[in-house]
Amino acid sequence: MQQRECLKRVRPLMRERLADDLHDFNWEASFLAKLWFGNHDLHYEITPRERARTIEIGLHFEADPLTNARLLAAFVANASAVRRALPNARMERWDRGWCRVWEPLPYRAPDGELAKELADRIAAYVTALEPILRRELPSDVAWSEPAAKPARARAGVKSRSSRAARR
């Protein structure tokens, strides 16, 4: 089984493991998988790293550095609750001013059993961390993503930008 197929199998397995009020999530999967509820910059991620022999799983804060730092501080303040639910979770800053609550799992070849294990782990993260995230989200940080502009409007903006760049 390819990695992509394994990650694709995680989504339906997640629904079986989550409470009904957490079934309405967004999902994208290719070489990694992301799950989010409102703001795409605040998402759960499964990242297999074959060369590093690990699979990273956790909640990522990939908004602006201030928002990320504020959320990390909120999770550190809730560390005892996080550790009770997720004893192996790490909370840290990392690349590009991003932050995360995560854990490494040993890398395994992708198969149906791995898909079940990943669904179990990401569901545990969502169940434990989503209530904290929603409660601690700063009031000035958007929860919902802005509605996408119609294709025609995006094309018009793009062509104006292109014309301006040519001048």
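In the predicted model, Arg 96 is exposed, with a relative accessible area of 62%, and its side chain meets that of Asp 95 in a salt bridge with an N to O distance of 3.6 Å. Asp 95, for its part, is partly exposed at a relative accessible area of 42%. Elsewhere, salt bridges that share partners join Arg 49, Glu 56, Glu 92 and Arg 100 into one network. Within that network, the closest N and O atoms of Glu 56 and Arg 49 are 2.9 Å apart. The two residues of this bridge fall into separate accessibility classes, since Glu 56 is buried with a relative accessible area of 13%, whereas Arg 49 counts as partly exposed at 37% relative accessibility.

The structure holds 14 salt bridges, one of which brings together the side chains of Arg 17 and Asp 120 with an N to O distance of 2.4 Å. This pair links distant parts of the chain, Arg 17 belonging to helix H1 (residues 3-17) and Asp 120 to helix H4 (residues 112-136), with the two positions 103 residues apart in the sense that they are 103 residues apart. Both partners are classed as partly exposed, because the relative accessible area is 29% for Arg 17 and 41% for Asp 120, and partly exposed denotes values between 20% and 50%.

Side chains of opposite charge can pair when their charged atoms come close. Glu 45, placed in strand E3 (residues 42-49), is buried yet has no salt bridge. The nearest side chain of opposite charge is that of Lys 34, which is 4.4 Å away; a salt bridge requires the nitrogen and the carboxyl oxygen to be within 4 Å, and therefore this pair is not counted. The side chain of Glu 45 does, however, take part in polar contacts, including one of 2.8 Å with the side chain of Thr 47 and one of 3.4 Å with the side chain of His 60. When residues up to four places away in sequence are left aside, Glu 45 touches Leu 32, Ala 33, Lys 34, Glu 56, Ile 57, Gly 58, His 60, Glu 62 and Ile 122. Glu 56 thus appears both among the contacts of Glu 45 and in the salt bridge with Arg 49.

With regard to cysteines, the count of disulfides comes to zero. Cys 6 counts as buried at 0% relative accessibility, and Cys 99 is likewise buried, with a relative accessible area of 1%.

For the aromatic side chains, the count comes to four pairs. Phe 25 and Trp 27 form an edge-to-face pair, with a centre-to-centre distance of 6.4 Å and an angle of 65° between the planes, and both of these residues are buried. The rings of Phe 25 and Phe 37 have their centres 6.2 Å apart and their planes at 75°, so that this pair too is edge-to-face. Because Phe 25 lies in the loop between H1 and strand E1 (26-29), and Phe 37 in the loop between strand E2 (33-36) and E3, the pair ties together parts that are twelve residues apart in sequence. Phe 37, like Phe 25, is buried. Taken together, ring pairs link Phe 25, Trp 27 and Phe 37 into a cluster.

Definitions and conventions: Residues are numbered from 1 along each chain as its sequence is written. This is a predicted model: local features need pLDDT of at least 70, side-chain atom pairs count only at pLDDT 80 or more; totals for chains, interfaces and linings use all residues. Side-chain values use heavy atoms; hydrogens and water are left out. Helices (H or I, at least four residues) and strands (E, at least two) are DSSP runs, numbered from the N terminus. Buried means under 20% relative accessible area, exposed over 50%, partly exposed in between (1.4 Å probe, protein chains only). Lys and Arg count as positive and Asp and Glu as negative; His and the chain ends are not counted. A polar contact is a pair of N or O atoms within 3.5 Å; within protein, one must be able to donate a hydrogen and the other to accept it, and residues adjacent in sequence count only if both atoms are side-chain atoms. Contact means heavy atoms within 4.5 Å. A disulfide is a pair of cysteine sulfur atoms within 2.5 Å. Rings of Phe, Tyr and Trp (its six-membered ring) pair if their centres lie within 6.5 Å; planes under 30 degrees apart count as stacked, over 60 as edge-to-face and the rest as tilted.
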